[in-house]
Amino acid sequence: MQRSESRRKAALSNFSDEGIEGQLGKILGEFRRKTNGIRGSVIADGNGLTVASDIQSGVSPAVLSAMSTLIAQSGARVFENIEMAGPSFIIMDGDQANVAVVQFAAGDVSLLTLVDRSANLGVLKIEMKRTAARIGILIRHYSDTLRTDLDRDILSGMLVAVQEFVKQTLSTKAGNLDELRYGTYTVHFVRGLHTIAAAVAKDMDAEHVKYAVSDALQDFEDRYAGILPTWSGDVAEFAGIDECFEKVLKS
């Protein structure tokens, strides 16, 4: 399951014809306009390459992207060495400006913001996490056959990439991709108000699974109705989520 209007590495669920970079640039632009003191932001992949940028100063996006990945990975290693969970927000205090980094998408993507020293760091932290949540996070993955350590990213990437392919190749058509067939399997896409669930089932069980996932997704969105509209991207806020979805595997 993945948040709607989100991105996982190289795919977005809500592209327009301008493509991935344009959509992500818009998200960064909105982030800058609503948060005072931002000089620029970049989204970087795990190799330090620029995915998208919104820079208002003369700093190179490539330099900031490399910094973003280095800072995120270094911070994670520090906390790993002291056997603690990695930091969700890193701030570097400079004489002329501050640098803030948020890492997300299982550590594969980071968001770096260059901000004035006068900026409110509490507000910055909240808005950076909200922006990261829009870019993309796989909330939870369930399977009775797939390796969860390997396939969670494959499923989340598939969810957005396949739907975007359909949108762009059938750009004159209205509607959304509801299912995808492969051999004896059907992948169902079930949409809620704030989230999308993807379920893989054998064709003989397809309709049953579709309705079971729909009920589970509705249960999830009802249970966390107070969190989802402004979700920060922290999956820990969904304590008890398993009660909503594990029943699908047992049904």
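Reader: Over how many bridges do E4 and E5 pair, and in which sense?

Author: Strands of a sheet pair through backbone hydrogen bonds, either parallel or antiparallel. Here E4 and E5 pair in the antiparallel sense over five bridges; two strands count as paired if DSSP finds at least two bridges between them. Strands (E, at least two residues) and helices (H or I, at least four) are DSSP runs, numbered from the N terminus. Ile43 stands opposite Ala52 in E5.

A word on the source: this is a predicted model, where local features need pLDDT of at least 70 and side-chain atom pairs count only at pLDDT 80 or more, while totals for chains, interfaces and linings use all residues. Residues are numbered from 1 along each chain as its sequence is written, and side-chain values use heavy atoms, with hydrogens and water left out.

Reader: Which order do the five strands take in the open sheet, and which stand at the edges?

Author: The order is E5-E4-E8-E7-E6, with antiparallel pairing. E5 and E6 (90-93) are the edge strands, each with a single partner, so one side of each has no neighbour in the sheet.

Reader: Which residues of H3 are buried?

Author: An α-helix has 3.6 residues a turn, so residues three or four places apart point the same way. In H3 the buried residues (under 20% relative accessible area, 1.4 Å probe, protein chains only) include Leu124, Met128 and Ile135.

Reader: And which residues have the most contacts inside the largest nonpolar core?

Author: A nonpolar core is a set of buried Ala, Val, Leu, Ile, Met, Phe, Trp, Tyr and Cys residues joined through side-chain atoms within 4.5 Å. The largest has 20 residues, and Leu24, Ile43, Phe104, Leu124 and Met128 have the most contacts inside it.

Definitions and conventions. Buried < 20%, exposed > 50% of the residue type's maximum accessible area, 1.4 Å probe, protein only.
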